[in-house]
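Please look at the packing of helices and nonpolar cores in the structure shown below. The report that follows takes a helix pair, the cores and one enclosed helix in turn.

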Amino acid sequence: MKVQSESQVVIRPARNIRGSVTLPGDKSISHRYGMLAGIAEGTSRLRNYSSGADCASTLACMRALGVSWKLNGDGEIEVEGRGPALAAPSIALDCGNSGSTMRMLSGIVAGQPFTSEMVGDESLSRRPMERVIQPLSAMGARIESQQGKPPLRITGGALQAIDYKMPVASAQVKSCLLFAGLYADGETRVEEPLRTRDHTEVALRAFGGHVERKNIGVGSEVRIRGGQRLRGIEARIPGDLSSAAFFLCAAALFPGSEVTLPNLLMNPTRARLLDILMQMGLRISVTQLEEIHGELVGSLQVEGGKLKGTKLAGADSAALIDEIPVLAAIAPFSEQGIEVRDAKELRVKESDRIKAVAANLRLMGAEVEELEDGMKIPGGQSLHGAELDSFSDHRIAMAFAVAALRAEGETLIRGAESAAISYPAFFKAFETLAER
Ligand code: S3P
């Protein structure tokens, strides 16, 4: 790989993938711990906090809300919790590229008796916020937006608990409402149509909160009482499984690959990718399983085999929403190809990920059928190197670095610096694994 300028990389094809990578802390957990540590009482020490720019946005917003924190070296963040009452910000809360920051933090600022302005970059400014505006308004917050999009101006205060059935399965919306529920009078109940990642429920318990959840068919309900006090924790955040997905899929491309990923998050609501990759032919073994603050962590050893195809729909598409771009990027090299349905949410992520994946695969010479809610990518195709674009989307930049490993010739990825949104050291780690 050559880093040609700050914004583009060139990936050469590889013969094999071998080695070990330690992943930065999980992005979803880092956001939640960063926010909860701020509204808890006492000090929290968070080791292996995500190095991604998104989680730095969360910490910057917390600082603007009066929370003190410092870096202790070795990636440990020490946060001085303020308790539930934050300080009125004198600047806009800049969420950068991070939908998680804006959506989840809006639940906390909705409980504060002042006005906060939440802004984001160009991509975030295009993303739908109605999904949090509507239920937070029903709880009593006053919210102004640009036709349901950022910037948001939230005037919070006394909130009423809500019983809310989410129309879209979204962990961010669920988390927003559980956070707002902490500030509300009464018991808030959130029902999700499909089970989404449960890090907020797990984290709230880790910080001493009480949350009840139960399955309802393929979905679930979560209940939280207002007025609870949280206390700070000491934690090591497990490695990000969605970042590991790029190495797992790279390993799946080579029958002789051997990759070790220590200290990885294994939360069952996030680990569906492992089942799918095993069905597709990757051999995976897990050792050193342990539970840290309710989150399952383990070390993964993976070996490539023959790559089979798969079909993703329904609950699988929701569970794999962040991993679909990289699964799609390896799809042409599989025997039967990959079909993805029920993944319309991909259109409103950091980029329109269905469009971005289809455009890049086509530039590499692949046949792709784009669907409104997914895509069909036939297997048994060979790709050639091309000049691709990241669409300013971290997961698109990293997904196509993986596809480039099996292409004929070099692939140039413009806007590769987007990887830093979740994984600044990605290309460096990637190169240590590639054998040429
Ligand atoms: C996230 C939830 C998902 C995911 C995002 C992170 C989270 O979004 O795509 O990258 O940390 O809760 P939705 O909840 O909107 O589906």
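In which sense, left-handed or right-handed, does α3 pass α5?

## Basis of the model

This is a predicted model, in which local features need pLDDT of at least 70 and side-chain atom pairs count only at pLDDT 80 or more, whereas totals for chains, interfaces and linings use all residues. Residues are numbered from 1 along each chain as its sequence is written, and side-chain values use heavy atoms, with hydrogens and water left out.

## The α3 and α5 pair

The crossing of α3 with α5 is right-handed (the near helix is turned clockwise from the far one by less than a right angle). The axes of α3 (residues 99–109) and α5 (residues 171–183) come within 6 Å and cross at roughly 25°, which makes α3 roughly parallel to α5 (an angle under 35 degrees).

Contact (heavy atoms within 4.5 Å) involves residues including Arg103 and Met104 of α3 and Phe179 and Tyr183 of α5.

## Nonpolar cores

The largest nonpolar core (buried nonpolar residues joined through side-chain atoms within 4.5 Å, buried being under 20% relative accessible area with a 1.4 Å probe) has 81 residues, of which Phe247, Leu248, Leu261, Phe400 and Phe426 touch the most other members. Helix α7 (residues 241–252) gives the largest share of this core, 10 residues.

## Helix α13

Six of the eight residues of α13 (residues 426–433) are buried, so this helix is largely enclosed by the rest of the structure. Among the buried residues are Phe426, Phe430 and Glu431, and the buried residues of α13 pack against elements including α7, β18 (258–265) and α12 (394–404).

Methods
Axes fitted to C-alpha atoms, helices over the stretch in contact; angles between N-to-C directions. Helix = DSSP H or I, 4+ residues; strand = E, 2+ residues; numbered from the N terminus. Parallel < 35°, antiparallel > 145°, perpendicular 65-115°, else oblique. Buried < 20%, exposed > 50% of the residue type's maximum accessible area, 1.4 Å probe, protein only.
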